[in-house]
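Student: Hi, I've got a new structure to learn and don't know where to start. Walk me through it, please.

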Amino acid sequence: MRDKIQSTRRCLPLWIGAIALCLVAGGCKPDDSPFKAENESLRKQLAKQESVVNSLQDGNKVMHQQIDLLNQELRDAKQSAESAKAEAKTAAENLAIQAAQAKKLSADVQKTAAAQASQSIHIEEKGAQTEDIPRPLSAVAKTVEESLSRNGYHIKVSIKTDQKAVYVTERKVSPPVSLEIAGSRNQYVLSLQTLPSNVTRLSVKADFEKLAQGGRILSVSAEEVGEIERSLIREINKALASPSKT
């Protein structure tokens with residue numbers, strides 16, 4: 001019995017300590033509210049940051065979609081511009097070809113018409129003054145035009161080809177400076193034809209009339225008409241012989 005009491009006395013402190021620990025654990029709960037508030041604040045901040053990140057990600061996604069759409073529109077616009085440029089280039093090339101063809105056709109038509117017209121206009125050799133000039137047709141034709149203009153004659157018809165040229169002047173009533181006498185009127189028909197060795201045959205036909213008072217037409221002799229024709233030929237030869245024509 002005595003041993004049992006001593007054993008009980010030895011275990012008593014242990015029981016008292018255990019009971020005290022239980023009381024402390026059950027009745028004295030530690031105050032963790034500051035940590036809880038801080039955790040809650042951190043949780044809210046984290047949630048807010050996650051929301052911001054999600055918004056940024058959504059905005060970035062929309063931005064990339066807009067950029068992709070703009071890039072596609074730019075590619076389409078560039079493709080359309082290149083296509084339009086190619087079409088414009090093709091159209092310009094076709095237009096240039098058509099213009100060249102039209103120009104050639106027009107030149108051919110004019111050349112054919114001039115040749116036909118020159119064949120249909122003939123100067124009657126009988127009574128006309130003719131002279132072979134050792135100059136190419138182009139030089140003689142230019143000098144003929146200058147001589148007629150210098151003496152007051154306006155060209156009514158002018159037909160020129162590589163081999164032939166024909167000029168018909170308007171009838172002039174007022175006398176020129178040097179070719180004819182006062183009180184006359186005249187009209188010229190000239191023909192130029194290319195001969196071998198750069199020689200041009202010049203034929204001149206004059207329709208010369210003398211006028212009396214009241215507009216009465218006086219008769220003129222063939223010699224007077226011939227002199228008028230030879231006068232124009234001398235005028236042309238004189239112009240061709242000038243230093244500016246060499």
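Student: Which strands does H3 lie across?
Tutor: Helix H3 lies across E1, E2, E3, E5 and strand E6 (199–206), and runs at about 165° to E5. Angles go from 0 to 180 degrees between N-to-C directions, and axes are lines fitted to C-alpha atoms, for helices over the stretch in contact. Contact itself is heavy atoms within 4.5 Å. The labels are DSSP runs, numbered from the N terminus: helices are H or I with at least four residues, strands are E with at least two.

Student: Anything I should know about the model itself?
Tutor: It's a predicted model, where local features need pLDDT of at least 70 and side-chain atom pairs count only at pLDDT 80 or more, while totals for chains, interfaces and linings use all residues. Residues are numbered from 1 along each chain as its sequence is written, and side-chain values use heavy atoms, with hydrogens and water left out.

Student: OK, how many helices and strands does the protein have?
Tutor: There are 4 helices and 8 strands. Going from the N terminus, the order is α-α-β-α-β-β-β-β-β-β-β-α.

Student: Back to those strands under discussion. In what order do the 5 strands form their open sheet?
Tutor: The order is E1-E6-E5-E3-E2, with antiparallel pairing. Two strands pair if DSSP finds at least two bridges between them. Strand E1 (129–133) and E2 sit at the edges, each pairing on one side only. Ignoring direction, neighbours in this sheet are turned by 10° against each other on average.

Student: How many bridges join E5 to E6?
Tutor: 8 bridges join that antiparallel pair. As an example, serine 191 stands opposite serine 203 in E6. E1 is joined to E6 by 5 bridges, and isoleucine 133 has threonine 200 in E6 as its bridge partner.

Student: And E3?
Tutor: Strand E3 (residues 164–169) runs antiparallel to E5, with 5 bridges between them. Tyrosine 167 has leucine 190 in E5 as its bridge partner.

Student: Which residue takes a positive phi in the hairpin of E5 and E6?
Tutor: Serine 197, with a phi near 65°; that hairpin has 3 residues between the strands.

Student: Is E6 mostly covered or mostly exposed?
Tutor: Mostly covered, as 6 of its 8 residues are buried. Buried means under 20% relative accessible area, exposed over 50%, and partly exposed in between (1.4 Å probe, protein chains only). Across the protein, buried residues make up 21% of the 246 residues.

Student: New topic: how many aromatic pairs are there in the whole structure?
Tutor: The search finds 1. Tyrosine 153 and tyrosine 188 pair edge-to-face, at 5.0 Å centre to centre and 65° between the planes. Rings of Phe, Tyr and Trp (its six-membered ring) pair if their centres lie within 6.5 Å; planes under 30 degrees apart are stacked, over 60 edge-to-face, and the rest tilted.

Student: Where do tyrosine 153 and tyrosine 188 lie?
Tutor: Tyrosine 153 is in the loop between helix H3 (137–150) and strand E2 (155–160), and tyrosine 188 is in strand E5 (residues 188–195), so the pair ties together parts 35 residues apart in sequence. Both tyrosine 153 and tyrosine 188 are buried.

Student: What sits over the ring of tyrosine 153?
Tutor: The charged end of lysine 172, 4.8 Å from the ring's centre. That label needs NZ of Lys or CZ of Arg within 6 Å of the ring centre and within 35 degrees of the ring normal.

Student: At what angle do H3 and helix H4 pack?
Tutor: H3 and helix H4 (residues 222–241) pack at about 115°, with their axes 9 Å apart. The residues in contact include Val140 and Val144 of H3 and Leu232 and Ile236 of H4.

Student: What about the other sheet?
Tutor: 3 strands form an open antiparallel sheet in the order E4-E7-E8. Its edge strands are strand E4 (184–185) and strand E8 (217–218). Strand E7 (residues 209–211) pairs with E8 over 2 bridges, and lysine 210 stands opposite leucine 218 in E8.

Student: Last one: where is valine 220?
Tutor: Valine 220 is in the loop between E8 and H4, and is partly exposed at 27% relative accessible area. Setting aside neighbours within four places in sequence, valine 220 is in contact with Phe208, Lys210 and Val225.
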